[in-house]
Amino acid sequence: MAQGQTAPGIVAGRLSSEDIAANFDDLHPAYAPHEAAVAADRCYFCYDAPCVTACPTDIDIPLFIRQIQTGHPEAAAKTILDQNILGGMCARVCPTETLCEESCVRETAEGKPVEIGRLQRYATDTVMAAGVHPFERAASTGKTVAVVGAGPAGLSCAHRLAMLGHDVVIHEARPKAGGLNEFGIAAYKSTENYAEAEVDWLLKIGGITIENGSALGQGVTLDGLRDAYDAVFLSIGLGGVNALRAEGEDKDGVRDAVDFIADLRQADDLSTLPVGRNVVVIGGGMTAVDAAVQSKLLGAENVTIAYRRGREAMGASRFEQDLAASKGVKLMFNVQPVAVHGNGAATEIELEYTSSAGGELTGTGETTRLAADQVFKAIGQTLEGAPSELELDGRKIAVTGAGRTSVDGVWAGGDCAAGGDDLTVTAVAEGRDAAMDIHKVMMG
Ligand SMILES: Cc1cc2nc3c(=O)[nH]c(=O)nc-3n(C[C@H](O)[C@H](O)[C@H](O)COP(=O)(O)OP(=O)(O)OC[C@H]3O[C@@H](n4cnc5c(N)ncnc54)[C@H](O)[C@@H]3O)c2cc1C
Ligand code: SF4
C-alpha cells in the first residue's frame, strides 16, 4: 500500500510500484523503423554541416543519417561508434538541445531540428540488440596501459587502446564499472540497465581487464603504475562535493544529491527508496535538476530547486528546466541557503535573497523559509584523490594537448582534467584522443 505524498518525513513507497515504474519510463522512447525513416528524411545532408562542428566527438552526422535513410542502420552505427564508442549512451544523455540539434539548420530555420540524438539511438540500439561489436583488435603490440577509473573517459580510452593492439588494465574503485553512466545519469535517461549492457558490449573488443575495488591512493600508487605499465591514463572524475556553508547542514535529511542519485540508480525496486515530503535542492546544474525531478517522480509532494543566481545563469539547459517544471518542480532563483532548521532532523530551510552587480553575488539580508524534510546539495563536485605530484590548473589536473599531464607517461581526461565541459560526450572524446596520443608516444 503506497504511503501517499503527504506522509511526513523521509519515507519509502509514497507512490505505488506501478506508478513509480510508469514515472521512470524512458524519457525519449526509441524510434520504430518507420519513425526513424521519417526523421532521417528531414536532414538536408549539409556540406560542412554545423551539427558536426557542434559535436564534441565529431561524428559525421549527415553520413550516419543518410545510412539510416537508405536502410543501413548497422553502417550508421559504425559511423557513430568509430568516433564515439559510447554513442549509445550519448544518444540518451547528451544535451543535444545545446549541441548538435541547437546548430542544425532546420532548428535555425524552423525551430525544429532533425532529431539527431534519437536517430543516433536508433542506429546504436540496432547493433547492440544484434550483439554485434563492429571492431577488431590489431595484432598485439606487447605494450600495456593502466587506466584509472572506468567512467566514460576511461572506457573510451581503454577501448581505443585495445583496438590498437595494446593490453589495458582498468583500476576502478567501485564494485561496478561505468562511472556516472552507472551511478549518476538520471534513471529515465538510462533505462533497462543500459549502462551495464553497454560496458559488457564495449569489452567485447578484448584486451581490457577491469579490476574492481582497486583504487589509486589505496594500495595503488602512481609510481607503482608507472613502473608496471608503459603508460597511465587517469580518468577519476570528480569524487568530492562542495560544502553548503549554511548553518545546520549536518542535520539529518541533508544529503549530497549525487549520493542520493547513486542509491536511486542502484535500487532494484524504486518504491523502497525513501524520499521527503518537502524536498529542497540547492544548485542550478544537471545534478540539481536530476535530483529534483527524480524526487518528484518518487512521490515527494513539494520539490523546489533553489538557485543563487538568475535563470539565465543556470547550468541546466532550458530543456532540462522545462522538464523539471513539467514534472511539478518549482524553480526559485536568486536565493542562497543560510540555515537548515530543525531539532536533529531538518524541517525547514532558510534562504536569503541575493542580488548581483558586476558578476558579484551578495545577500540582500531578506530571508524566507521553506518546509524541508530533505535537502539535497547539488552545488558542484570537486577533484578528490589526484596524486600530489601532478600539477593542477585551478581545481583540476593540468593537461596540455591530448591530455598530457605534468608527469611523464601520465595522461588525464574527462571531468578530472582541466578544460572542456563536464559532459559524458566530452569525457568520451578526451579518452579517445588521449589514447591516440598514448599510442603515438608508445610506438614512436
Ligand atoms: C548527477 C549527474 C547527472 C549527470 N547527467 C548528465 C547528462 O545527463 N548528460 C551528460 O552529458 N552528462 C551528465 N553528467 C556529467 C557526466 O556524467 C560526466 O561528465 C561524465 O561521467 C564524466 O566522465 P569521467 O569518466 O570523467 O568520470 P566519471 O563518470 O565520474 O568516472 C570516474 C570513475 O573513476 C572512479 N574513480 C574515482 N577515483 C578513483 C580512484 N582513486 N581509483 C580508481 N578509480 C577511481 C570512479 O569510481 C568512477 O567510476 C552528469 C553528472 C552528474 C553528477
Ligand atoms: S545541420 Fe541538420 S539538416 Fe544539416 S546535416 Fe546536420 S542534421 Fe542534417
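For sorting residues by class, Ala, Val, Leu, Ile, Met, Phe, Trp, Tyr, Cys and Pro count as nonpolar, Asp, Glu, Lys and Arg as charged, and the others, Gly among them, as polar. Keep in mind that you're working with a predicted model.

**Exercise 1.** Work out how the lining of the second largest cavity divides into nonpolar, polar and charged residues, and where it comes from.

*Solution.* Start with the space: the second largest cavity holds about 100 Å³. Next, go to its lining of 15 residues, where Cys43, Cys46, Cys51, Cys104 and Val114 lie nearest the centre. Now sort by class: 14 are nonpolar, none is polar and one is charged. As for the elements, H3 (50–54), H4 and H8 (105–110) each supply at least two residues, and H4 gives the most, with three.

**Exercise 2.** Do the same for the largest cavity, by class.

*Solution.* The whole structure has four cavities of 30 Å³ or more, and the largest has about 120 Å³ of space. Its lining takes in 15 residues, with Cys55, Cys94, Thr96, Cys100 and Gln120 nearest the centre. H6 (87–93) and H9 (116–130) are the elements giving two or more residues; H9 has the largest share, three. By class you get eleven nonpolar, four polar and no charged residues.

**Exercise 3.** Describe how H2 (residues 33–41) packs on H4 (residues 61–69).

*Solution.* First, the geometry: the angle is about 135° and the axes are 9 Å apart. That angle makes H2 oblique to H4. Then the handedness: H2 passes H4 in a left-handed crossing. Finally, the contact: Ala36, Ala40 and Asp41 of H2 meet Ile65, Ile68 and Gln69 of H4, giving four nonpolar, one polar and one charged residues.

Key. Residues are numbered from 1 along each chain as its sequence is written. Chains are lettered from A and ligands numbered from 1 in the order in which they are written. This is a predicted model: local features need pLDDT of at least 70, side-chain atom pairs count only at pLDDT 80 or more; totals for chains, interfaces and linings use all residues. Side-chain values use heavy atoms; hydrogens and water are left out. Axes are lines fitted to C-alpha atoms, for helices over the stretch in contact, and angles run from 0 to 180 degrees between N-to-C directions. Helices (H or I, at least four residues) and strands (E, at least two) are DSSP runs, numbered from the N terminus. Angles under 35 degrees count as roughly parallel, over 145 as roughly antiparallel, 65 to 115 as roughly perpendicular and the rest as oblique. A crossing is left-handed if the near helix is turned anticlockwise from the far one by less than a right angle, and right-handed if clockwise. Contact means heavy atoms within 4.5 Å. On a 1 Å grid over the protein atoms alone, a cavity is a set of points where a 1.4 Å probe fits but cannot get out, and a pocket is an open set with protein on both sides within 12 Å along at least five of seven lines; lining residues have an atom within 4 Å of a point. Grid points are joined across faces, edges and corners, and a volume is the space filled by probe spheres set on the points.
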